[in-house]
Amino acid sequence: MKKTLNFIFIFMSCFSFIYALTHMQDIFLAVSLSLNTIFSQIIPSLLPFMILTYILTKTGIVHIVAYILQFLLIPIFGMSGQAGYVFILSMFTGFPGFAKLIKDNYDEHNITVEEVNRLICISSFASISFLYNTLSKQDPNNFRILLLAHFLPNIIFALFTRKRNCKYISIEEAKISFKRDFRKIKIIKLLKDSIVSSFTTLLFVSGFIIIFNLFIQAISQAINSELLLVMIHSLLEFSSGTIKLTQIIAIDQYLLPLLAFFVSFSGICVQLQVFNILEDIEIKHNNYLLFRTMHAILSGIFTVICLII
């Protein structure tokens, strides 16, 4: 499946390049709209949490938080405190920020490869701030419905994938790990590294968004239906596509389950970003894609139920 996604990306890049040679004005427009989305939505919703979670991970605070969380998460989800720390913060970092959070904690040896493969399946959340900025101003009730429908499937997945015999860490172990990481801190360097790391990831994300939006601009010439084009856009590139879909939903609320589906699927663009961020870790790509599909379907169903109730 990963090879298929890579082939799709290469095809899109080649097609967009050929299109760009003959449609300079359209390409300028597509890039302008992409940059507007990046600066008005992506960076404000992701950057603060990327910087702060990086600092929390590197300072060793994760060990103290993990010690506290384990008493709730191990009995319910069969999840270590460190993995639970990543799971909870993923709700705020959004995607693909959750993948960076996973990688940072894996690099610090806070979580295992097995936990990485579980977390990529259950921690793929759209940023709460992104959903809030996109939906709440139009209809706060729609925002609440979408939030519930989007978060609930991952919580259900966490329950059904729970691990047995998950070990507790002692307060002494947590203190030792915290002191070890805390002694390494150099404040200026830590702040610089957190900013550089976060902006590097966002620059990488921005490149993906621009390439996908160039392709969508190219194929838009052959699609007459606005709704069909927005659906294809959301399937390929989540952020710009779902923003356009919310504008249609402002007129027709019954399309809200469709929005929930695409938000939870996260789009091929985001999925490729996740694979690239975690390329140095042995992850199960097919499992991740399967869970994204199930997440999308369940989110759509839960949204329909909420609208009926």
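Helices here are DSSP runs of at least four residues, numbered from the N terminus. With that numbering in hand, the features below can be placed along the chain of what is a predicted model.

Start with a proline. Pro96 sits in the loop that links helix 4 (81-93) to helix 5 (97-107). The peptide bond between Phe95 and Pro96 is cis, with omega at about 5°. Phe95, one partner in that cis bond, also turns up when the empty space inside the model is mapped, as follows.

Rolling a probe the size of a water molecule over the atoms shows where empty space is left. Three cavities of 30 Å³ or more come out of the search, and the largest of them has a volume of about 130 Å³. Its lining is made up of 17 residues, and those closest to the centre are Ile42, Leu46, Phe95, Phe238 and Ser239. Four helices each give two or more residues to this lining: helix 2 (24-59), helix 10 (187-219), helix 12 (238-249) and helix 14 (267-277). As for chemistry, the wall of the largest cavity counts 11 nonpolar residues, five polar ones and one charged one.

Next come two backbone oddities. His109 is not a glycine, yet its phi is positive, at about 65°. This histidine belongs to the loop between helix 5 and helix 6 (113-122). Its relative accessible area is 72%, and because anything over 50% counts as exposed, His109 falls in that class. Ser266 likewise has a positive phi without being a glycine, with a value near 80°. The loop that holds Ser266 runs between helix 13 (256-265) and helix 14, and helix 14 is also one of the elements lining the largest cavity. Where burial is concerned, Ser266 has a relative accessible area of 0%, so this serine is buried, the limit being under 20%. The two positive-phi residues therefore sit in opposite settings: His109 is exposed, while Ser266 is buried.

A further serine deserves a look at the start of a helix. Ser225 lies in the loop between helix 10 and helix 11 (226-236). A polar atom of the Ser225 side chain is 3.2 Å from the backbone nitrogen of Leu228. That distance is within 3.5 Å, so the pair fits the cut-off for a polar contact. Ser225 has a relative accessibility of 35%, and since this falls between the 20% and 50% limits, the residue counts as partly exposed.

Note on methods:
Residues numbered from 1 in each chain as written. Predicted model: local features only at pLDDT ≥ 70, side-chain atom pairs only at ≥ 80, totals over all residues. Heavy atoms only, no water. 1 Å grid on protein atoms, 1.4 Å probe; cavity = no way out; pocket = protein on both sides within 12 Å on 5 of 7 lines; lining within 4 Å. Points joined across faces, edges and corners; volume = space filled by probe spheres on them. Nonpolar A, V, L, I, M, F, W, Y, C, P; charged D, E, K, R; others polar. Buried < 20%, exposed > 50% of the residue type's maximum accessible area, 1.4 Å probe, protein only. Polar contact = N/O pair within 3.5 Å; in protein donor to acceptor, adjacent residues only side chain to side chain.
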